[in-house]
Amino acid sequence: MAISLEELREQFYENLKAADSSEAFEALRVRYLGKKGEVTGLLKNMGALAAEQRKEYGQRVNQLKALVEQSIADRIAEAHARDLENKIALAPKFDLTTPVQIPEGSYHPITLVQREVEQIFASMGFVIEDYDEIVDDYHCFEALNIPKHHPARDMQDTYYLTNGQLLKTHTSAAQNAIMRKYGAPLRAIFPGRCFRNESTDACHENTFFQMEGIMIDENISISNLIYFMKTMLSEVFRRDVKVRLRPGFFPFVEPGFELDISCAICGGKGCPSCKNSGWLELCPCGMIHPNVLKEGGIDTEKYTGFAFGLGLTRLAMMKYGVKDIRDLNSGNLKALSQFVK
Amino acid sequence: MKVSMNWISEYVDLSGLDLKDLIHRFTLSTAEVEDVYEMGREVSGVVIAEVVRVEPHPNSKKLHLVTVNLGDREDHCVCGAPNVREGMRIPFAPFGASVVGMTIGEASIAGVVSRGMCCSAQELGIADSSTGLLELPEDAPLGRLVTDVYAIRDTVFEVDNKSLTNRPDLWGHYGIAREFSAIAKRPLKGLDLADLSAYDNLPAVPIGRIDEELCYRYSALRIDNVRKGVSPIDMQIRLYYCGMRAISLLADLTNYIMLELGQPTHAFDSRKIARIQVERFAEPFEFETLDGVKRKIDPETLMIKSDETPVAIAGVMGGLDSEIVADTDSVTLECATFSAVSVRKTSTRVGLRTDASMRYEKTLDPELCRIAAARFTKLLLGIDPGAAVVSRFTDRYGYHYPVVTLSFDQAFIDRYTGISISGEQIVDTLTRLGFGVTRTGDDFTVLVPSWRATKDVTIKADIVEEITRIYGYDNFRIETTLSALHPVRPLRVKADEAAIKDALVKQFGLHEVHSYIWCDAKKLAPLNIPLPENVRLLNGMNPDATVLRDSMMETLLPTLNENRFFAPDFGIFEIGRVVAGQKENGDCNERRTLGVAMLTHALIPRIPFALLLDMISTVVWNLRRQKVTFRNVRPTFAWQHPKNTAQIFAGGKAIGYVAAVHPAVQEAIDRRAFLLTAEIDLDTFAEVPENEIRYEEPSKFPGIDIDLSFAVGEETTFGQIEQAFAAKPNDTLKKISLVDVYEADGAKSITVRLHFVSPVKTLSKPEVQSYIDEVLCDLAKNNIGLRG
């Protein structure tokens, strides 16, 4: 007589207990569930049963089949889980303190300050322009209402070149070209490198950066100038900056101003940094001189405008506490490599 | 310039006002005040005394025992001054009084007790040094405090000269007083002047030829019988407080007039002056100025001559020979206006910047000449009533500045200021500043006063400044504009620069530096780098740094060298300008340029070189989606390696080079290091177009990779193999990549991987083999074949 269903189940349990590898599990599956497998074989006995018993018998065989399938799958899963645990146990624990390798390049501090200021002006609709470092007398002086015999043209201030050109002494040298490029209305800033023929010391450099800004439209007034300077400087210094204007003379503006900001160190009370005045002289500015607008091809009856110059080098020194201006052009990486951002 | 508030108060009544506040408002309305000094505050209790007895000191030859009369009592002290004598009046500090630096107590001087002190000018703080006691006039009131009788107490402020460059009228106290009159809204008093027309019948001072191009006005006046030699105490104090030194009455008066009116004058000893000429000399010569220095005078320099003999450098300084001396009793006073440009250039050429030349440089008002002469006469005759004017005011007034009249309306002022300043306020401010104003409703016509009309005030915008500065910028309401906003597209060059810096710093760890636009010969020579032939500075201060760089490396390699101990491996870069020679019109060919220089101690130089190629390719790809190719070229610069120098191509343009550094330069920097350089011309790069994204439907079929290993000669490059495939275009070949380069024992092999994909089917190896065979056939012609 063939083996009974119950006996077969017990026998399977015995075999399963003994199996311990994926190969053994696979052999069990074939032995019991394969085409010629033992569970499959039970179904062959069905023909010998009465019709009323067949249904019940069939169900029981199928239950056994499911049980075998499930039991094997469970054991495989268990074995896999054990495997993973083994792997974890054997895996190395990594050192979290290994030095990381970030490329530690550095920006020049002027780049950092310039970007900040450019972003502020870009957000207020100013185009950011650029200009040559080598210019001619017309752009540097004549177009800016600096007459032929103005002291600024004297040899001691300006670097003249053997070909008759010169190194620009101020970013204002770009005003004319930019007015001619865009016409009015216009709002533009133009940072650039400037040159003055003077000896260098901790406070003086012959090569330095400025940023010029101009805004030209109908009805631009002194009141607007003060507003823009205050807004811009408050953004630059990230505090509500108090500004004051004093008369200042620059041939390319009229009226011309020296703009002072309240001293951040003493809060305006007076300290050595601000020579006890509570104010720091920061940037020259003014209403663009009608002659300059005229040279730039702008109708002075219709348009007025303001201009200002910001010392980027000075700003960078203030921001980072650089005491010796010569550090900036020194190329000394002990100084410059600190500006990682 | 130093300004005495006592002097100002002579012309504007400032009583009841806070002087410090007024001076602060002067900064905000006129010119920057740098410092304020309270003078004479240390002196107290010092009285006027007469020396009644001078007796020898028992223990000293130099010291004396002095008895003084204080009016109501006598006092005693020990005195060491050499000029002490009976009958003189002096400042005396009794016990308890204070002078500069000390309070008088009881002291034993060489064994004698002294309870007081006879004072010098220095001790009263009205001179830098003194050789003896300050001798007061014979009628000085005995017993009175010196600080009550003389103007020792004063408030003095110093104005930044730079902020006065455009204001010739502010180089004298009277002009400053006019500003205070506008600021404080108090009337300005007139000047006390002699009536020169009273001398019109006297003979003229002989004046001959005048160079009217450089001398706009020359006037002179002769005064004889000057007996007094010393200036009044108050005048001496004012001169001292304003930074000058009392010398003699006539010299002091010229300085006083200059400090008061801003008009320099010159006092010649009449004995040395015959016919005056104002001219240039044809030949250079040497001239001794009154400071005792011999100076070279060239034919450009305007001189004052007396019968062809030079007596003064016009507007700068007088000569030693014609100077006022102790026995001068006749003065010929020069009041003149010289060309500002001529004086400035002369002063630069002879290296002499004087109080006079500083003022002439500012373009003085010629109208001042007569006023200065009248003021000088008034003061001199007041001090020395015996003196006599013996010539008429002799005047050669050749050049008159045009009269400036300006018209504007209220709307113009409102538009410029953005606020509303009333018509009454406009008229009041301008009138106080000396402008003639006519107002009809909203229309104004303004006559600019002569002292502002030489160059300072010429257009309507200048008037806006006058009105607003007195109104006060602190009083402005501030407002944004109502201008329309337009989109702003960033400039490509600016965007390129920013992206390049970000990539080099953040991705490749380079350091950004700034270097000069000129080469430093002293730094290049030790590195065996020659100075380029290029445009130079005409007037640089450093003779070794005059040639402009034609490559970034001329400044970056020295920078790299100076940092060579910074780290074993590092790189620097700069985006700056180089001058690549001159354009056809002679202008500098200025190129915006990226320079990269790297130093490494890598054992296999091929690796950092490949990194440099990666870096350049990445930068170009980031910005333009363009593949870069490198082609070996012969070096153009001395530091470039003869073998490893290559041009960089992107989008069909040569945009720069990469180069290993020539061993001659490398050895000079670091024998064991390997140096790399690259430059990109960013102006050319700006013209390289961006490669737009072109979308392709992804293939539904898997691709096929085929690896080929070539046995090659040492010189063969991956590029040659790649090029052979590129030369035979195949739609299904999507990518050629380098798998490996192996070099050993003189044998070299290169393994490449070809990736094929078809959009319509799964490719099989035989389908691509015929294509590969064709290319292999081409490669074989160059002796490049598969390995083994």
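Trainee: In this predicted model, how many bridges join strand 31 of chain B to strand 32 of chain B?
Mentor: Strand 32 of chain B covers residues 640-650. Strand 31 and strand 32 of chain B run antiparallel. Within this part of the sheet, Arg631(B) stands opposite Gln647(B) in strand 32. The number of bridges joining strand 31 to strand 32 is five.

Trainee: Which strands of chain B stand at the edges of the sheet?
Mentor: The sheet is open and its seven strands follow the order 28-29-30-34-33-32-31, with mixed pairing. A strand at the edge has a single partner strand, so one side of it is left without a neighbour in the sheet. The edge strands of chain B are strand 28 (511-512) and strand 31 (628-632).

Trainee: Which strands of chain B does helix 13 touch?
Mentor: Helix 13 of chain B spans residues 492-507 and packs on the sheet. Its direction makes about 150° with that of strand 29 of chain B. The strands touched by helix 13 are strand 28, strand 29 (570-582) and strand 30 (588-600).

Trainee: What angle does the direction of helix 16 of chain B make with that of strand 34 of chain B?
Mentor: Helix 16, residues 606-624 of chain B, also packs on the sheet. It touches strand 30, strand 31, strand 32, strand 33 (653-661) and strand 34 (674-681) of chain B. With the direction of strand 34, the direction of helix 16 makes an angle of about 20°.

Trainee: Is chain B compact or spread out?
Mentor: Chain B has 20 helices and 38 strands. For 788 residues the globule rule gives 28 Å, and the radius of gyration of chain B is 42 Å, well over that value, so chain B is more spread out than a compact globule. Along its principal axes, the C-alpha trace of chain B spans about 130 × 80 × 55 Å. In a word, chain B is spread out.

Trainee: What radius of gyration does chain A have?
Mentor: Chain A has eleven helices and nine strands. A compact globule of 341 residues would have a radius of gyration near 20 Å. The C-alpha trace of chain A spans about 130 × 50 × 45 Å along its principal axes. The radius of gyration of chain A is 43 Å.

Trainee: Which class of residue does domain 2 of chain B present on the side that touches domain 3 of chain B?
Mentor: Domain 2 covers 47-152 and domain 3 covers 196-397 of chain B. Their centres are 38 Å apart. The contact takes six residues from domain 2 and five residues from domain 3. On the domain 2 side there are no polar and no charged residues, and the six present are nonpolar.

Conventions:
Residues are numbered from 1 along each chain as its sequence is written. Chains are lettered from A and ligands numbered from 1 in the order in which they are written. This is a predicted model: local features need pLDDT of at least 70, side-chain atom pairs count only at pLDDT 80 or more; totals for chains, interfaces and linings use all residues. Domain bounds come from an automatic or database domain assignment. Two residues are in contact if their C-beta atoms, placed from the backbone, lie within 7 Å. Ala, Val, Leu, Ile, Met, Phe, Trp, Tyr, Cys and Pro count as nonpolar, Asp, Glu, Lys and Arg as charged, and the others, Gly among them, as polar. Helices (H or I, at least four residues) and strands (E, at least two) are DSSP runs, numbered from the N terminus. The radius of gyration is taken over C-alpha atoms; the globule rule is 2.2 Å times the number of residues to the power 0.38. Two strands pair if DSSP finds at least two bridges between them. Axes are lines fitted to C-alpha atoms, for helices over the stretch in contact, and angles run from 0 to 180 degrees between N-to-C directions.
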